[in-house]
Amino acid sequence: ISAAILLIIKNILDKVDGQLARARNDASRTGRFLDSLADLLINIAVYGSVSYALFINSGNAAILVVGAGALFFSLLQCSYFIFYQVSYINRVKPLGLNRTDESITEKDLREHSKTKKGRRVLLLQKIYLLVYGWQDRIFRVIDMICLSWMEKRFPDQDVTGYWYEDRLFLSMASFLGLGVQIGTLALFSLFNELYFYFIFIIIPANLYLIFLMLYRYISAYLHFKNLDNQE
């Protein structure tokens, strides 16, 4: 129970810090990378401790593999939501702090390589790319392929605008976010069914991810098909 309560408190603080920084006009690239890397460390600590506790209680080493798989897929699911959340924010109210492609550019080097603080930002960016870069690339490639197909099918429509500003889709995708995952983990912990939380992440959550990817393309296709018919 205490672990569940602490996870929920962590969840609240994780949502407040970014909003507070933006309200104070104090948001930064340093905070952007620290937030993501802190989430990773917390995930590793939580999944590692749960896996170890289940292993000690059951004596079954396979639970360690299941726990590692659940951690892997939880990171992938979160990255999918974050990819489209950042895409939406950058179109509606661009702040220049979050990018769907965090590869180090010449502009990054010019702005950050000359000062100690800037070099810290570049170091955090490199660590971020090591951890999350491959995930972002996967979803960016899938996104580009689907968007390209849609633009070829409906060349006269504002495909990109609808594609990245679909609020219903973004709300649906938010269920894959870290906050929902932590809340669900807290719920499973209250019922002392942590093993089934791993199963939940590996099977139902991945099926939901696949559903979202299909829904995104099909719903956009039907939307533009309907606009063509009206014209």
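This passage describes the fold, cores, aromatic pairs, largest pocket and selected residues of a predicted model.

The protein chain contains 10 helices and 0 strands. Read along the sequence, its pattern is α-α-α-α-α-α-α-α-α-α. The C-alpha atoms fill a box of roughly 65 × 50 × 30 Å along the principal axes. Of the 231 residues in the chain, 39% count as buried. Contacts between residues at least 6 apart in sequence were also examined. Among these, 76% join residues at least 24 apart.

The interior was examined next. The largest nonpolar core has 26 residues. Those with the most contacts inside this core are Tyr47, Val50, Leu54, Tyr132, Leu185, Tyr197 and Phe198. Five helices each supply at least two residues of the core: H2, H3, H5, H8 (178-190) and H9 (194-202). The largest share, 7 residues, comes from H2. A second, separate core has 24 residues. Its members include Phe83, Cys146, Met150 and Met172.

Tyr132, listed above for its contacts inside the largest core, also has neighbours that are distant in sequence. Residues up to four places away in sequence are not counted here. Tyr132 then touches Ser36, Leu37, Asp39, Leu40 and Ser79.

Aromatic rings were considered in turn. A search of the whole structure finds 22 aromatic pairs. One of them joins Phe33 and Tyr128. This pair is tilted, with 5.6 Å from centre to centre and 55° between the planes. Phe33 lies in helix H2 and Tyr128 lies in helix H5, so the pair ties together parts that are 95 residues apart in sequence. Both partners fall under the 20% limit for a buried residue. Phe33 counts as buried because its relative accessibility is 0%. Tyr128 counts as buried because its relative accessibility is 4%. Elsewhere, Tyr47, Phe188, Tyr197, Phe198 and Phe200 form one aromatic cluster. Tyr47, Tyr197 and Phe198 are also among the residues with the most contacts inside the largest core.

The largest pocket has a volume of about 1200 Å³. It is lined by 41 residues, and the closest to its centre are Arg22, Asp35, Ile82, Gln85 and Asn98. Helices H1 (2-23), H2 (29-58), H3 (62-92) and H5 (116-153) each give two or more residues to the lining. The largest share, 12 residues, comes from H3. By class, the lining has 16 nonpolar, 14 polar and 11 charged residues.

Two residues of helix H5 were examined individually. Trp134 lies in this helix. Its relative accessible area is 29%, so Trp134 is partly exposed. Apart from residues up to four places away in sequence, Trp134 touches Phe72, Leu76 and Leu129. Trp134 and Leu76 are 58 residues apart in sequence. In space, their C-alpha atoms are 9.8 Å apart. Arg140 also lies in helix H5. With a relative accessible area of 17%, Arg140 is under the 20% limit and is therefore buried. Leaving aside neighbours within four places in sequence, Arg140 is in contact with Phe83, Thr100 and Asp101. Phe83 is itself a member of the second core.

His112 is found in helix H4, which spans residues 106-112. His112 is buried because its relative accessible area, 14%, is under 20%. Without neighbours within four places in sequence, the contacts of His112 are Gly118, Arg119, Val121 and Leu122. His112 and Arg29 are 83 residues apart in sequence. From C-alpha to C-alpha, they are 11 Å apart in space.

The last residue considered is Asn192. It is placed in the loop between H8 and H9. Its phi angle is near 55°, a positive value in a residue other than glycine. Asn192 is exposed, because its relative accessible area of 64% is over the 50% limit.

Terms used: Residues numbered from 1 in each chain as written. Predicted model: local features only at pLDDT ≥ 70, side-chain atom pairs only at ≥ 80, totals over all residues. Heavy atoms only, no water. 1 Å grid on protein atoms, 1.4 Å probe; cavity = no way out; pocket = protein on both sides within 12 Å on 5 of 7 lines; lining within 4 Å. Points joined across faces, edges and corners; volume = space filled by probe spheres on them. Helix = DSSP H or I, 4+ residues; strand = E, 2+ residues; numbered from the N terminus. Nonpolar A, V, L, I, M, F, W, Y, C, P; charged D, E, K, R; others polar. Core = buried A, V, L, I, M, F, W, Y, C linked by side-chain atoms within 4.5 Å. Buried < 20%, exposed > 50% of the residue type's maximum accessible area, 1.4 Å probe, protein only. Contact = heavy atoms within 4.5 Å. Phe/Tyr/Trp six-rings, centres within 6.5 Å; stacked < 30°, edge-to-face > 60°.
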